[in-house]
Amino acid sequence: MERIETGVPARRETGAGYAGRIFKEIQGVIDDTGGQAGAVIRVLQQTQGLIGYLPGTVLMTISRDLKMPLSEIYGIISFYHFFTMVPKGRHVIQVCMGTCCYVKGGQRLLDILKKEPGLEPGGITPDSKFSLETVRCLGCCGLSPVMAIGDQVYRRVKPSEIKDILSSYE
Ligand code: FES
């Protein structure tokens, strides 16, 4: 297994004070639009940037303040693949299921992650430590199978290495 860094941040704050501060920031983002429905994508992007996903309660606030039906907002979220209503773990595991990685054992990596820590694609561990996604290609097909956790890309991963990889994250 080879490991490289990509520089993507992985940690998020939590707690009641944090939630209040974030809600204020989201309200500020909405207020900056002057209530224009045309700004909804920008609002959704900034909201997801703050929280990591788009919770239903926040979408109701956006719907109310931009005077846009919730159904339209859901339509936008499902159209753009980068929007998600599912919370992410502190560390997001991405397993490549592109053709090269699939042929070289990507599914076996998913099978191991399903056993321990019990993750299905789209899932999150009960302690919010890890969430799992599948991706089409991580750009190093010649070194498959490939997976990434936050800012680290792991190449030529053997199923037997996954436990050690996960244990290196707090
Ligand atoms: S197919 Fe997995 S890195 Fe390209």
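Q: Domain bounds come from an automatic or database domain assignment. Which domains does the assignment give this chain?
A: This is a predicted model, in which local features need pLDDT of at least 70 and side-chain atom pairs count only at pLDDT 80 or more, while totals for chains, interfaces and linings use all residues. Residues are numbered from 1 along each chain as its sequence is written. With that numbering, the assignment gives domain 1 (16–79) and domain 2 (88–167).

Q: How many Å separate the centres of domain 1 and domain 2?
A: For scale, the C-alpha trace of the chain spans about 50 × 35 × 25 Å along its principal axes. Taken over C-alpha atoms, the separation of the centres of domain 1 and domain 2 is 30 Å.

Q: In what order do the elements of the chain run from the N terminus?
A: Helices (H or I, at least four residues) and strands (E, at least two) are DSSP runs, numbered from the N terminus. The chain has 7 helices and 5 strands. Their order is β-α-α-α-α-β-α-α-β-β-β-α.

Q: What share of the residues of the chain count as buried?
A: A residue is buried if 20 or more other C-beta atoms lie within 10 Å of its own, exposed if 12 or fewer, and partly exposed in between, with C-beta atoms placed from the backbone. Of the 170 residues of the chain, the buried share is 21%.

Q: Which element supplies the largest share of the largest nonpolar core?
A: A nonpolar core is a set of buried Ala, Val, Leu, Ile, Met, Phe, Trp, Tyr and Cys residues joined through C-beta atoms within 7 Å. The largest one has 20 residues, of which I93, V95, L109, L113, V146 and M147 touch the most other members. At least two residues of this core come from each of β2 (91–96), α6, β3, β4 and β5. The largest share, 4 residues, comes from α6.

Q: Which residues is V95 in contact with, leaving aside its neighbours within four places in sequence?
A: Contact means that the C-beta atoms of two residues, placed from the backbone, lie within 7 Å. With its neighbours within four places in sequence left aside, V95 is in contact with G106, L109, L110, L132, T134 and M147.

Q: Is S131 buried or exposed?
A: S131 belongs to strand β3 (residues 130–135). Its C-alpha is 4.6 Å from that of G89, although the two are 42 residues apart in sequence. Because S131 has 23 C-beta neighbours inside 10 Å, it counts as buried.

Q: Is G35 buried or exposed?
A: G35 sits in the loop between α1 (16–32) and α2. Neighbours within four places in sequence aside, its contacts are D65, L66 and K67. Because just 11 C-beta neighbours of G35 lie inside 10 Å, it counts as exposed.

Q: Are α2 and α4 roughly parallel or roughly perpendicular to each other?
A: Axes are lines fitted to C-alpha atoms, for helices over the stretch in contact, and angles run from 0 to 180 degrees between N-to-C directions. The axes of α2 (residues 40–51) and α4 (residues 70–79) come within 11 Å and cross at roughly 65°, with V40, I41 and L44 in α2 meeting I73, I76 and I77 in α4. Angles under 35 degrees count as roughly parallel, over 145 as roughly antiparallel, 65 to 115 as roughly perpendicular and the rest as oblique. The two helices, α2 and α4, are therefore roughly perpendicular.

Q: Which residue does a cis peptide bond join to S144?
A: Most residues other than glycine have a negative phi, and most peptide bonds are trans. A cis peptide bond joins E116 and P117, with omega about 20°, and P117 is in the loop between α6 (106–115) and β3. In the loop between β3 and β4 (147–149), a cis bond with omega about 0° joins S144 to P145.

Q: What is the phi of R156, which is not a glycine?
A: S128, in the loop between α6 and β3, is not a glycine yet has a positive phi of about 60°. R156 lies in the loop between β5 (152–155) and α7 (162–167), and R156 is partly exposed because 15 other C-beta atoms lie within 10 Å. The phi of R156 is positive, about 50°.
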